[in-house]
Amino acid sequence: MNVKALLQRKQQKKSSTITVDNVDSNNDSDNNTLEEQTQPKKRVLSSELTRKISLKKKKINSDNNTLTDKQSFKKQLKFPIDPFATILTIDDSAKNQFDTYTLQLPNYYFKKYNNNIFIEYRTNDLSDSNYKKECIAIDFNKKMKDIWFHHYFRPWNKDELLNLIENKINQREMKLIGSITKKQKENIAIGDVIQFYNTLEESELNQIYKSFTKEENVKKYIEPNNKEELTNIKFDDLFEVDTIQKKIELKDEDTPMALGSTNIIDKLNREKTYNLNELLIEDDLIRMWRDYMDLVNNNEEEEGNGSKQSLRSKIKVGSNQNGVNNNLNDALQNSTTPITNFRNEFQSRLFTILNDYRDLYFPNAGIDNYKLCVETYTLHVVNHILKTKRYEWYNDKKRSFYTKQQYLVRDDGFNCCKALIIVPNRYSAFLIIELMMELFPKLLSIRRKEAFELTFGEDEDEEKEKKSKPFWYQEIFEGNTNEDFSLGLALKENHGQLEIMAPIDEADIIIATPLGVIKDNPKKYKGYLSSVDICIVDRCEMLLMQNWEHLIDLMNKLNEEQKNNFTFDLDFDIIKEYLIHGFGSYFRQTLVFSGFMNPDINNLVTNYCKNMRGLVKVRNFYEGVIRPITGKIPQIFERINCEDPEEIEEKRFNYFANTIFPRFKNSADGRFLIICSNYVDFVRLRNYFDQYNIPFQGVSEYSTNYGKILGRFKSDDTTNYLIYTERHFYYHCPKLSQFDVNQIVFYNLPENAFIYQLWAEKAIKIKKDYPSCRILSLFTPFDALKLERIVGSKRCRILLSSDNDIHLFDK
């Protein structure tokens, strides 16, 4: 029914009327006929019809309405729907949402926004009758500039995806594409050298984001230019859909942040650091972050006034411990870069890398800045979860209005888990979750919070015992040190509720130790970890002191291709294309934090950091821990030449048995302490001493009542050899006065340089009573990373390249 016929019928009613001005003189004959049937030169409409038409005109002229002309619609709503969505058809059931006179907007349109977006309204006052739990705000104009959106939700074509992974990435080696050094940029802040590795050139990476193929749906709304059109048009025709196949080329301003120069080197070379708004962080998360920062600063002031230290004040920058190397302090103190939204330039530069969704290997997360790193990557994880969950909720709401054939977006995975954080103990998880509870916006309730604090919080009795330990021990083993747990966190009810200790199969975030996963039926984790977007391996230097094989087993379960291993129904139409084909590891962001570099950690980074956006490696140069000791005690470094890494242990043992130990037997200096870095070497030396009936005592990380063993060694004058492991000292920290020795031998160099420093200080005291006391250290060319931390980067090069195998530091 057209408007003309409707007007004619309504005019027959004698109810209240309203006068409408004449139309233009150019009206057609149909319009003249209408005038003849009405009052002369005037058109009389019913008040009800006039009210509806007036309402319709207001809707048409409103800037926030979907009824606009084609030009203003395109200008105002550049992407009126999800640009990565595929809408195939809209059937008659959708048209029924519109009546004859007025357009009944779907319940997810809100007048004060310029796009088909969702808004969440919440109030903490549960008695408020206006309490609502609606949808989530999505601004696609902003999302189109967000790297997160393009990296995880780009609509891949199957052939296009296979060509990218198999022909471009798998067939190329990861190569160095650029670096930043202190010579190029004096205050680099996060390390002495930053290296950038990738298989794709920057131009190729840009092109991936600048074009994508999709089936686009265009809604055409018609705005009448004059009343003639208004009288002739059928309102049913206002809703039209055209489906076309086209390839969209995005302009630079429509692509991820500064995509014209996606090179992360340019971002880090920028003199002014990015603020949170420029990094496209969620607006409400920015407010939560700022509030959190204010609370931390206030708590630090209270601590300075003698108040009890709170958890927030523990998340702070730096340490006053003497002897702890802080390679970043100079850069932080000397930096002139304005700090915006972050504690310092270090945190800003670090977060810029994380937010760029590249893999990161950061081996400078020591005691001095570890908690600052936790703060930074926790903000990144919360931001990622908020964006991803809100986008999923947005699409779920859309799907409740359209059918699957009408609205199709691939935004789902095989399982809920989007972030995996691997930590060494419960205290690390405690810090992370406490931070998340501070940062997640709009939380109305937190489930199992008390149970979590009870099982993951500090034990007062244990903390009192730790106070008798050295500072380094208190820092490393702060809080609950239990190494066996697996914990899930789930964001529910449109992030109104955070569930801690959630079932693993329902968790959005899993925080676990490698041991906790291995003991908790590791087979089921193969499915739970199949869709991980972000994997964080934190405090690798502590994980090295545990069973490293557990971590490797866990990493092997990440993003494995799923082949009929499902115990539940899956909608494969909405699962991301790259997950279906088993390419999740190429889109996963892997962040590795450690206190130092190690061959095992390097191997983990090489094998599991496959992100198509590339890898960032950071490293520092070391001055060495022997610098303040040199001249106070003779230190001998003896090189064992070896070319094959598989022969290291065998050559080291043969060199010790045939060259080093004969010196000991003929020495009059007596009591030797032989320190091994691992249990395997301890067992080999123990068997060697047993085989030749040489009296000795041995203490390893598995020894019980080590105090009695040390007591027997001290009282037995016939026993001159004590075999000891680095891990025992690391975990138990016995008093150095318990060791009655006068010679110290490092069978292999310790992973932790501070352990060498502590024993060197012990040797200085021994030298007062035994002037012949000295330290002997054995090393191979493959121990370069350990050697560098002990003797310093410059000396390390000399020791490795010199023609002499024996080097003495005595002056």
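In the predicted model, E577 is a buried residue with a relative accessible area of 14%, a value that falls under the 20% limit for burial. The side chain of E577 meets that of R410 in a salt bridge, with an N to O distance of 3.5 Å. R410 belongs to the loop between α16 and β8 (419-422), whereas E577 belongs to helix α25 (residues 577-580), so this pair ties together parts of the chain that are 167 residues apart in sequence. Unlike its buried partner E577, R410 is partly exposed, its relative accessible area being 30%.

The contact between R410 and E577 belongs to a wider set, since a search of the whole structure finds 37 salt bridges. One of them joins the side chains of K371 and E478, at 2.9 Å from N to O. K371 is part of helix α16 (residues 370-401), and E478 is placed in the loop between α20 (471-476) and β10; the pair therefore ties together parts that are 107 residues apart in sequence. Both ends of this salt bridge are buried: K371 has a relative accessibility of 12%, and for E478 the value is 12%.

A further salt bridge is formed by the side chains of R639 and D805, with an N to O distance of 2.6 Å. This pair also links distant parts of the chain, 166 residues apart, as R639 is in strand β16 (residues 635-639) and D805 is in the loop between α33 (793-801) and β22 (806-809). R639 counts as buried, at 6% relative accessibility, while D805, at 28%, counts as partly exposed. Salt bridges also occur as a network, in which E202, K267, D356, R358 and R613 are linked.

The loop that holds E478 leads to strand β10, which spans residues 486-492. Strand β10 is mostly covered, as five of its seven residues are buried. Two strands pair with β10. The first to be described, β11 (residues 497-500), runs antiparallel to β10 and is joined to it by four bridges. Within this pairing, L489 has I500 of β11 as its bridge partner. The two strands form a hairpin with four residues between them, and in the turn E493 has a positive phi of about 50 degrees. Strand β12 (residues 509-512) likewise runs antiparallel to β10, again with four bridges between the two strands. Here the bridge partner of L487 is I511 of β12. In a regular strand, side chains alternate between the two faces of the sheet.

Helix packing provides a further view of the model. Two packed helices are described by the angle between their axes and by the distance between those axes. For helix α24 (residues 548-556) and helix α26 (residues 599-608), the axes come within 12 Å and cross at roughly 5 degrees. The angle is under 35 degrees, and α24 is therefore roughly parallel to α26. On the α24 side, the contact is made by W548, L551, I552, M555 and N556, and on the α26 side by D600, I601, L604 and Y608. By class, these contact residues comprise seven nonpolar, one polar and one charged.

Definitions and conventions. Residues numbered from 1 in each chain as written. Predicted model: local features only at pLDDT ≥ 70, side-chain atom pairs only at ≥ 80, totals over all residues. Heavy atoms only, no water. Buried < 20%, exposed > 50% of the residue type's maximum accessible area, 1.4 Å probe, protein only. Pairing = 2+ DSSP bridges. Salt bridge = Lys/Arg side-chain N within 4 Å of Asp/Glu carboxyl O. Axes fitted to C-alpha atoms, helices over the stretch in contact; angles between N-to-C directions. Parallel < 35°, antiparallel > 145°, perpendicular 65-115°, else oblique. Contact = heavy atoms within 4.5 Å. Nonpolar A, V, L, I, M, F, W, Y, C, P; charged D, E, K, R; others polar.
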